[in-house]
Amino acid sequence: MQKNDQTTQELFSIITETITVQDIKETLKLCMDSLKNGTLDSLLAQDTDYQTALLEYQRTYELYQSTNFTEPQRDITDTLLARKDESEFEHITNAYIAGLLDSYRILRKFGLTNE
């Protein structure tokens, strides 16, 4: 219950502050990311394809860690992986928001909203 109160307070503070549309989008993305984590983690834990891919990634990462790269090579590779992680975070968050918006549109189309 406290988490819901905190999220509500954060959203209320966004509405009452004088900030840019981009600030609102960024804050909403963070809120949506918090909401999706529980649901997504549960789904991924049960997804055997995901678990297999994750295990393969972990094995490859261990191999990467044990390989003797030069410092510049390791820096380039680490930067590449970090940028990929950042872009995937943004993609996943936007996909989650799109799913929520589409779900709402479907409910509205079938007259299942209180509008």
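Two rings of Phe, Tyr or Trp count as a pair if their centres lie within 6.5 Å. I keep that cut-off at the head of these notes, and I also note that I am working from a predicted model.

**Entry 1: the aromatic rings**

I began with the aromatic side chains, since a pair of aromatic rings is described by the distance of the centres and the angle of the planes. I found three aromatic pairs in the structure. In one of them the ring centres of Tyr57 and Tyr61 are 6.1 Å apart and the planes stand at 25°, so I wrote this pair down as stacked, because planes under 30 degrees apart count as stacked. I then looked up where these two residues sit, and both belong to helix H3, which covers residues 48-66. They are four residues apart there, about one turn of the helix.

I also checked how much of each side chain is open to the outside. Tyr57 is partly exposed, with a relative accessibility of 45%, and Tyr61 is also listed as partly exposed, at 35%.

Next I turned to Tyr64 and Phe69, which form an aromatic pair with 5.4 Å from centre to centre and 40° between the planes, and this pair is tilted. Tyr64 has a relative accessibility of 10%, so it counts as buried, because the limit for buried is under 20%. Phe69, its partner in the tilted pair, is partly exposed at 33%.

When I put these residues together, I noted that Tyr57, Tyr61, Tyr64 and Phe69 form one aromatic cluster.

**Entry 2: an arginine over a ring**

Which residue lies over the face of Tyr64? I found Arg74 there, at 4.8 Å from the ring centre. Arg74 belongs to helix H4, which runs over residues 71-109.

I listed the contacts of Arg74, leaving aside its neighbours within four places in sequence, and they are Tyr64, Gln65, Thr67 and Phe69. Two residues on that list, Tyr64 and Phe69, are also members of the aromatic cluster.

I then asked which side chain of opposite charge is nearest to Arg74. It is Asp78, at 5.2 Å, and Arg74 has no salt bridge although it is buried. I wrote the cut-off beside this, because a salt bridge needs a nitrogen and a carboxyl oxygen within 4 Å.

**Entry 3: helix H4 as a whole**

I followed H4 from end to end and noted that it has 39 residues. The helix reaches 56 Å from its first C-alpha to its last, which is close to the 57 Å expected at 1.5 Å a residue. After H4 comes Gly111, and its phi is positive, near 70°.

**Entry 4: salt bridges along H4**

Side chains of opposite charge can pair when their charged atoms come close. How many salt bridges does the structure have? I counted three, and I took them one by one.

- Glu86 and Arg83 meet through their side chains, with 3.2 Å from N to O. Both lie in H4, three residues apart, about one turn of the helix. Glu86 is partly exposed at 44%, and Arg83 is partly exposed at 47%.
- Glu88 is bridged to Lys84, and their closest N and O atoms are 3.7 Å apart. These two residues are also in H4, four residues apart, about one turn of the helix. Glu88 is partly exposed at 35%, and Lys84 is partly exposed at 46%.
- Asp102 and Arg105 meet in a salt bridge of 3.1 Å, N to O. Both are part of H4 and stand three residues apart, about one turn of the helix. Asp102 is partly exposed at 40%, and Arg105 is partly exposed at 45%.

**Entry 5: a buried threonine**

My last look was at Thr93, which is also found in H4. Is Thr93 buried or exposed? Its relative accessibility is 1%, so I entered Thr93 as buried.

I wanted to know what surrounds Thr93, and, leaving aside its neighbours within four places in sequence, I found it in contact with Lys29, Asp33 and Lys36. I also noted Met32, whose C-alpha atom is separated from that of Thr93 by 6.9 Å, although the two residues are 61 residues apart along the chain.

Notes. Residues numbered from 1 in each chain as written. Predicted model: local features only at pLDDT ≥ 70, side-chain atom pairs only at ≥ 80, totals over all residues. Heavy atoms only, no water. Phe/Tyr/Trp six-rings, centres within 6.5 Å; stacked < 30°, edge-to-face > 60°. Buried < 20%, exposed > 50% of the residue type's maximum accessible area, 1.4 Å probe, protein only. Lys NZ or Arg CZ within 6 Å of the ring centre and 35° of its normal. Lys, Arg positive; Asp, Glu negative; His and termini not counted. Contact = heavy atoms within 4.5 Å. Expected span 1.5 Å × (residues − 1).
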